[in-house]
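Please examine the structure shown below. The paragraphs that follow begin at one local site and then turn to the chain as a whole.

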Amino acid sequence: MSEVFVTALLELADDHLVLGHRLSEWCGHAPMLEEDLALPNMALDLIGAARGLYAYAGSIEGNGRGEDDLAYLRGEREYLNCLLVERENGDFAQTMLRQLYFAGFMEPYWQAAMASRDETLRGIAAKAVKEVAYHIRHAAEWVVRLGDGTEESARHMAEAVEELHRFTDELFLSSPAAAAAEAAGLLPARAEMRGAWEATLRAVFAEARLDWPDAVWPQKGGREGAHGEGLGHLLAEMQSLHRAHPGAVW
Amino acid sequence: MYSQGLIGADGRTKEDAAFLAAFQARIDAEEKIEPKDAMPEGYRRTLIRQIGQHAHSEIVGMLPEGNWITRAPSLRRKAALLAKVQDEGGHGLYLYSAAETLGVSREEMTEELLSGKAKYSSIFNYPTLSWADIGIVGWLVDGAAIMNQIPLCRCSYGPYARAMIRVCKEESFHQRQGYEIVMTLARGTEAQKAMAQDALNRWWWPSIMMFGPHDSESAHSEQSMAWKIKRFSNDALRQKFIDATVPQAEFLGLTVPDPDMVWDEGLNDGKGGYRHGPIDWDEFWRVVKGGGVMNRDRIKARKKAWDEGAWVREAARAHAAKRAARKMAAE
Ligand SMILES: [Fe+2]
Ligand SMILES: [Fe+2]
C-alpha cells in the first residue's frame, strides 16, 4: 500500500507545485498591482501544500528523499501532474479559468480528504481547504468580470474555455495508484467530485454569460508522465540551478 | 526600497509669509500634517514626487528579484522569495495610497513612471545575475533602504510616516533573510562562496550610491530638512550604512571591494568609522540618467504588463458599471 500511496501523493504534490510555479511566473507582470499581490498569494498556498505533500511522500517512501529531491531531481517523464496545471499562463483570462477549474475540483476533494484514514493527510487537507475556498472566490470573480465585461474581454474568456476545457476530464480520473489509495480509504475518489465541480463551474459560467462547451476530445496522460511540451521547459528552468550544484545546501 | 537622496524640496510657493511661518511652527512642534490640513504648495509637490518615486521603486524593484523566483534552488527559498517580492508590491500599494491623499491618482503616477517623467531608485537598473544576488540585494539594498526609511517613520506628513512604519518592519525582515542567504552561501561549497563574493563585488558600489550625491553636491535638501521630510543628510546615512555593513561582511569572510577602505578614528565625532574610497559618480549619473544596462528593460517590462493588462482593467470597470446599472434598475 505504501508504494501506491507515495505515487498518489506525488501526483497531488506535482499538481500543486506546477500550478504554483505557473502562477509565480506572473509576479511583477500582472494587469494591476492588486493582482501582483493576489497571484503570489495563491502561488504560495499551492507551493506550501506541495511541500507538505512531498515531505510526507518522502517520509513514507523511506529512502531519504526530501521535498527538494522530489521537486528538483525528477524529470518530465517522472512528473505526474495532470495536464491542466502545466498549461502555459496564456492571458489573464486563461490563468483565471485554469485556476477556477483546478480549485473547483480541489475544494470538494480536500473537503472529502478531511475524512481520510490518514492523519497527516487530514492535516494537509484542513489547511488547504481554507485556502482553496479563496482561490475559487478570486478566480470566479474574475471569470465573471471578464465574461460579462467588455466585448473584448468576453472574447478572451470564450477563447480560454476553448483552450482549457479539454483538460478538465483528467481531474476526475484516478491512476491505478490513486485508485488503490482511494479503495483503502486514504484518499477521496476523484470521480465523485464531478457533481460538485460541475455545480460550481456551471453557476460561474451562467453569471459570466459563458456557454458551457460541447463535448470535446478530452486530453489526458499526465499521470503516466505523458505531458505536453511546456512542462519540460518549466522544469528545465525550475531545476537548473539546483541541478548545477549537486549536493549543495541553499 | 527608496529613492536615492535626489529629491530636494521644491520651495516655490505662493503662500504669504504668515501662512508659511504658521506651517513651519507646526512642523517645529513635531505636529503631524494630515491630508485635510492646509499646506504650502511646495510641500505638497515635494511629497508627491518623493512618495511617488518611492512607490515606483518598490514596483520596479519587483523585477530584478522576480527574475529568480522561477529558478530558486529550493522550495523553501522559492516560497520566501515569492513572499518577499509580494511584500514589495504591498509597499508600493501603501505608498501609492499615501500619495493619493495628496490629490494625485495611482493611474497618473503610473503613467508618469512609464513615460519616464517620474524616476525610481537607480539600483534596480542593475541586473541580478546569480542566486547570490538575491541574498546580496536583501542584505545590502534592503539594508540601505532601511537606513533611509527609518527616519521617514518620523516624517512630518502623517500618512507617509504611518506607511513607513509598516514598510520598515518588513524591510528589516528582508534584510535579515538576505543576509541569511549570503551566510548559507559563504559557508557552502567553493562555487557558492565564489558566487557570493562576485555578487558583493557587483552590488557594493551601487548600494552605497543609493544614498545619493555627497552633501556638498546635493541641491535643495535644506528645505526638505526644514520641513522634516528628510532628517539626515545623504553622507550621514551612507556612513551609518557602511559602519553597520563592513563588520557583517567580515563575519562572513567576504571582502568589501573597496581597496581604499580604512578605519578612521576621526569619523563619527571621534567614535571612529570606516572611511570609504572615492565613489564613481560618473557611473552613478550615467545610470540615473538612463544609461544602465537594465533601464530600458525595466520600463519596457512595466509598460508591457500595463499595456497587456489594459483590457482586463477595462473589463473590470465595465462589469462594475453593468452591475451598478442592474442594481439600480432592480430598485
Ligand atoms: Fe520594499
Ligand atoms: Fe524589501
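In this predicted model, Glu171(B) and His174(B) both belong to helix H7 of chain B, which covers residues 158–186. Because the two are 3 residues apart in that helix, about one helical turn separates them. Glu171(B) is buried, and His174(B) is buried as well.

Both residues serve as donors to the iron ion (ligand 2), Glu171(B) through OE and His174(B) through ND1. The other protein donors of this ion are Glu88(B), through OE, and Asp142(B), through OD. The donors lie 1.9 to 2.3 Å from the iron ion (ligand 2). Along the sequence, the spacing of the donor residues follows the pattern E-x53-D-x28-E-x2-H. The angles among the 4 donor atoms run from 91 to 153°. The site is irregular, because four donors count as tetrahedral only if all angles lie between 85 and 135 degrees, and as square planar only if opposite donors are over 155 degrees apart.

A second ion adjoins this description: the iron ion (ligand 1) is 3.5 Å from the iron ion (ligand 2). Glu88(B) coordinates both of these ions.

The chain that supplies these donors can now be considered as a whole. Chain B contains 14 helices and 2 strands. Its radius of gyration is 21 Å, close to the 20 Å given by the globule rule for 331 residues, and chain B is therefore as compact as a globular protein of that length. The C-alpha trace of chain B spans about 70 × 50 × 35 Å along its principal axes. Of the 331 residues, 57% count as buried. Among contacts in chain B between residues at least 6 apart in sequence, 80% link residues at least 24 apart.

Note on methods:
Residues are numbered from 1 along each chain as its sequence is written. Chains are lettered from A and ligands numbered from 1 in the order in which they are written. This is a predicted model: local features need pLDDT of at least 70, side-chain atom pairs count only at pLDDT 80 or more; totals for chains, interfaces and linings use all residues. Side-chain values use heavy atoms; hydrogens and water are left out. Donors are N, O and S atoms within 2.8 Å of the metal (3.2 Å for Na, K and Ca); water is not among the atoms, so sites may look incomplete. Four donors count as tetrahedral if all angles lie between 85 and 135 degrees; four count as square planar and six as octahedral if opposite donors are over 155 degrees apart and all others between 65 and 115; anything else is irregular. Helices (H or I, at least four residues) and strands (E, at least two) are DSSP runs, numbered from the N terminus. Buried means under 20% relative accessible area, exposed over 50%, partly exposed in between (1.4 Å probe, protein chains only). The radius of gyration is taken over C-alpha atoms; the globule rule is 2.2 Å times the number of residues to the power 0.38. Contact means heavy atoms within 4.5 Å.
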